[in-house]
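Biologist: I would like a close look at a single part of this model, namely the open space with the greatest volume and what lies around it.

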Amino acid sequence: MKTAFPEGFLWGGAVAANQCEGAYNSYGKGLSTQDIMPHGIAGPITEEPTEDNLKLVGIDFYHRYKEDVRLFAEMGFKVFRTSIAWSRIYPNGDDLTPNEEGLQFYDDLFDECRKYGIEPLVTLSHYETPLHLAKEYDGWVNRKLISFYERYVTTVFKRYKDKVKYWLTFNEINSILEAPFMSGGIYTPKEKLSKQDLYQAVHHELVASALAVKLGHELMPGAKLGCMVLSMPTYPLTPNPDDVIASMHFEHKNDFFADVHARGTYPNYMKRYFRENGIEIHFAPEDEELLKHTVDFISFSYYVSICETGDPDKRKTGQGNLFAGVPNPYLQASEWGWQIDPQGLRYVLNRFYDRYQKPLFIVENGLGAVDELVDDGHGGKTVNDDYRIAYMRDHLIQVGEAIKDGVEVMGYTSWGCIDIVSASTAEMKKRYGFIYVDRNNDGSGTLERFRKKSFHWYKEVIGTNGASLNKDHNLE
Ligand code: BG6
């Protein structure tokens with residue numbers, strides 16, 4: 001059977017430490033911003049961790065990772081994306097020495113992956129800034145965060161240089177614009193945060209990211225370092241030129257991040273934006289040179305596309321992955337209101353490739369849905385998640401189309417390959433996995449794992465390197 005997917009395509013799945021590990025205050029781990037976010041971004045933060053925060057236990061991946069990695073291997077994963085919880089390595093973020101127990105945990109996890117030939121893909125910072133850095137320094141607003149991050153990444157690069165080849169510097173780095181606490185550890189409430197401080201924080205993250213790329217290349221010859229952005233194709237709501245310009249502005253706001261990572265300088269449209277908004281970014285003498293350390297590849301999440309309009313009366317805001325836009329009248333939405341647009345993935349792949357000519361990695365994509373655990377007819381239990389299969393099939397077909405368009409795609413890691421706590425709403429009910437985890441929104445459940453129907457479907461996709469998708473679509 002023929003396939004559009006190149007040999008060596010990295011098929012796999014993705015999670016983040018704070019959404020699955022649990023063990024939030026054990027084995028030397030310090031608190032992270034997530035430990036005081038019981039409602040995700042959907043509600044207020046708390047002073048201390050509270051029992052209703054499902055992430056404190058997560059899916060107990062910390063203790064069950066061997067069973068989970070075995071299941072990933074059974075599906076044929078070539079790659080597994082997870083993050084290192086910064087506060088497991090440096091509990092306060094500004095400590096001088098790392099926590100050996102934390103380092104050992106990731107040694108064991110990466111060894112377990114490698115045992116099955118699964119390549120780890122590691123996010124250095126995935127919405128889990130050490131809480132002390134948020135409270136004491138106001139997170140990335142403070143330039144000192146660059147040196148704390150430098151110490152942390154140097155430690156993990158040196159430790160795992162023989163075990164991890166693929167690294168991402170910051171998860172969805174552009175999301176700091178919408179979620180400054182979750183994404184940037186900025187303790188100042190969003191409504192009080194000035195644009196000046198917000199964009200200075202962005203600058204610090206961009207410099208830190210470039211520094212990580214520089215250090216990564218020096219310390220780990222052969223390693224590949226990428227940025228990670230939240231992608232959101234933005235269509236003009238109508239052909240009215242006002243709508244086209246409005247969508248261009250929205251796209252620029254996000255393009256800024258990948259532009260700097262891929263080109264090594266600030267784009268001119270942002271200079272205009274700063275000028276007109278009275279923002280003056282303070283560059284330290286070394287920053288300009290540092291930013292020139294550009295990434296090896298661009299990675300991104302893709303869930304939804306949105307529309308933009310220049311007409312203030314039509315600016316009705318729809319739901320979306322952090323950035324909300326105007327709903328598209330041609331698209332259906334998920335149970336959480338995220339509009340489903342498989343062709344948007346082909347579009348965004350082409351757009352990134354046209355812009356940067358760098359390899360691309362889809363490191364998040366999937367459907368958050370309510371699942372029902374039922375008898376599988378053989379004495380076990382399963383979920384008949386045909387809706388998830390349809391979502392992923394339609395998106396993967398578009399990945400195949402983009403590859404046929406000539407786009408260089410390194411791999412695809414579906415989001416939440418095993419059910420985990422959701423980021424935006426911090427619930428278990430919103431499930432993405434091929435593997436069902438028995439845990440509920442009220443914290444009840446045995447934490448037992450069950451293979452869903454999509455588990456077997458994805459196994460076939462990987463086993464045939466995408467050729468099984470031809471059953472529904474000609475990808476030859
Ligand atoms: C991305 C994040 O924004 O979307 C993940 O990188 C997150 O951490 C994913 O889980 C899906 O969002 P949610 O809110 O449905 O979990």
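Which elements each supply at least two residues of the lining of the largest pocket?

Modeller: The model is predicted, so local features need pLDDT of at least 70 and side-chain atom pairs count only at pLDDT 80 or more, while totals for chains, interfaces and linings use all residues. Residues are numbered from 1 along each chain as its sequence is written, and side-chain values use heavy atoms, with hydrogens and water left out.

The elements are α9 and α10 (268–276), each of which supplies at least two residues of the lining; helices are DSSP runs of H or I with at least four residues, strands runs of E with at least two, numbered from the N terminus. The largest pocket (an open set of points on a 1 Å grid over the protein atoms alone, with protein on both sides within 12 Å along at least five of seven lines) holds about 380 Å³ of space. It is lined by 20 residues (those with an atom within 4 Å of a point), and the closest to its centre are H249, F250, H252, K253 and Y273. By class, the lining of this pocket divides into nine nonpolar, four polar and seven charged residues, where Asp, Glu, Lys and Arg count as charged.

Helix α9 also takes part in the lining of an enclosed space, the second largest cavity, to which it gives the most, with five residues. A cavity is a set of points where a 1.4 Å probe fits but cannot get out, and five cavities of 30 Å³ or more are counted in the model. The second largest cavity has a volume of about 150 Å³, and of the 16 residues that line it, M232, N254, D255, R351 and F352 are the closest to its centre. Besides α9 (241–263), the elements that give two or more residues to this lining are β5 (224–231) and α12 (342–356). The lining of the second largest cavity divides into nine nonpolar, four polar and three charged residues.

Two of those residues closest to the cavity centre, D255 and R351, also belong to a network of salt bridges that links them with E251, D259, R263 and R355. A salt bridge here is a side-chain nitrogen of Lys or Arg within 4 Å of a carboxyl oxygen of Asp or Glu, and the model as a whole has 34 of them. Side chains of opposite charge can pair when their charged atoms come close.

Technical notes:
Grid points are joined across faces, edges and corners, and a volume is the space filled by probe spheres set on the points.
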